[in-house]
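Have your viewer ready and let us walk through this chain together. We will begin with the whole fold and then zoom in on one pair of helices.

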Amino acid sequence: MPFRIRPDHSFTAEFRKAAGGQLSHAIHTLGERPEGKHEAIHAFRKNLKRLRSLYRLVASEVPEFCERENARLRDVAKSLSAIRDATALIETAAYLKENARTGEEAKALGRIVAALESRRDNLADAEVDIDRKLAEAPEVLKDAIAAVEEVHFNGGPRRNARLVAKGWCKTTLKARKAIEHCQAEASAETFHTLRKRAQDYRAYQRLLRPLWPAAMKAKYEVTSSLIDLLGHIHDLDVLCALVEAEPQHFPNADDLAHLLDAIIFRQQEDRHAALERAEDVFADDPQEEAERIELLWRAQVS
């Protein structure tokens, strides 16, 4: 089901349809697992991220619902995160290998990939209750669907336009602040915050595409490229932390040296590129952009 809110329809009905569609798709994916357990968890988590972005958009109107449901979704996603996070680290090491600067570095990183695959497989064996968690998660999501069906927005078109514009503005202001923090302090936390706000921004571009299809599609594509870069940066930070926390997985000192050198080099390159791209993505004045969204909304319901 498309992740959309159409301004010329009932806002309550459109919100329920958008939220319920993501939850239903997550339930289906966890039940069917067409591409296997790991990919099912990955797809499920993407549904929940999109959904939490939607809740943040309307948080000023239904704060108690958003706080409660965000906590519910955060907890159920976390319960299934360990194996997917381990898989993401393998993909990160493979990314480093693909961008290796020498043949020797590529061979060393290939051995790192194998070590991380072994770690993931061992983790999966140790996670004896993963199937139980996979079976329980849909029940939690069904409760989330029931909660969505209780949500009601009382405002008319003008109030809904202001609500959407307010949520959009709040996200872009937070993104601009995150960019400033990244420029002042290139830490894992600051770049991760920027990534989350960019994910919200992209979700809104998809959600509100009916307002201005061509422009929203263009914004979506450039924001996606930023999120991909920020995703690499985050995964590199996580891989670096794993090396410090679990050095037993990397007994070859030379391979470890190649890994750390590759991480540092790629982090510097990707952080520089991400900040340049973020400046382009969030170049518009947040208040002016929000006012444009409000006007577009009102134009379609007048």
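Here is a short tour, from the overall view to a single helix contact.

A note before you click: this is a predicted model, in which local features need pLDDT of at least 70 and side-chain atom pairs count only at pLDDT 80 or more, while totals for chains, interfaces and linings use all residues. Residues are numbered from 1 along each chain as its sequence is written, and side-chain values use heavy atoms, with hydrogens and water left out.

**Stop 1: the whole chain.** Show it as a cartoon and you will find eleven helices and zero strands (DSSP runs, H or I of at least four residues for helices, E of at least two for strands, numbered from the N terminus). Along the principal axes, the C-alpha atoms fill a box of roughly 65 × 45 × 30 Å.

**Stop 2: the surface.** Switch to a surface view: the accessible area is about 14,700 Å², with 49% of it belonging to carbon and sulfur atoms (Shrake-Rupley method, 1.4 Å probe). Of the 302 residues, 46% count as buried, meaning under 20% relative accessible area.

**Stop 3: two helices.** Now select 188-207 (H8) and 253-281 (H10), whose axes come within 12 Å and cross at roughly 35 degrees (lines fitted to C-alpha atoms over the stretch in contact, with angles from 0 to 180 degrees between N-to-C directions).

**Stop 4: the side chains.** Which residues of H8 meet H10? Show Ala188, Phe191, Leu194 and Tyr201 as sticks; across from them, Arg271, Leu275, Ala278 and Val281 belong to H10 (contact means heavy atoms within 4.5 Å).

Definitions and conventions. Buried < 20%, exposed > 50% of the residue type's maximum accessible area, 1.4 Å probe, protein only.
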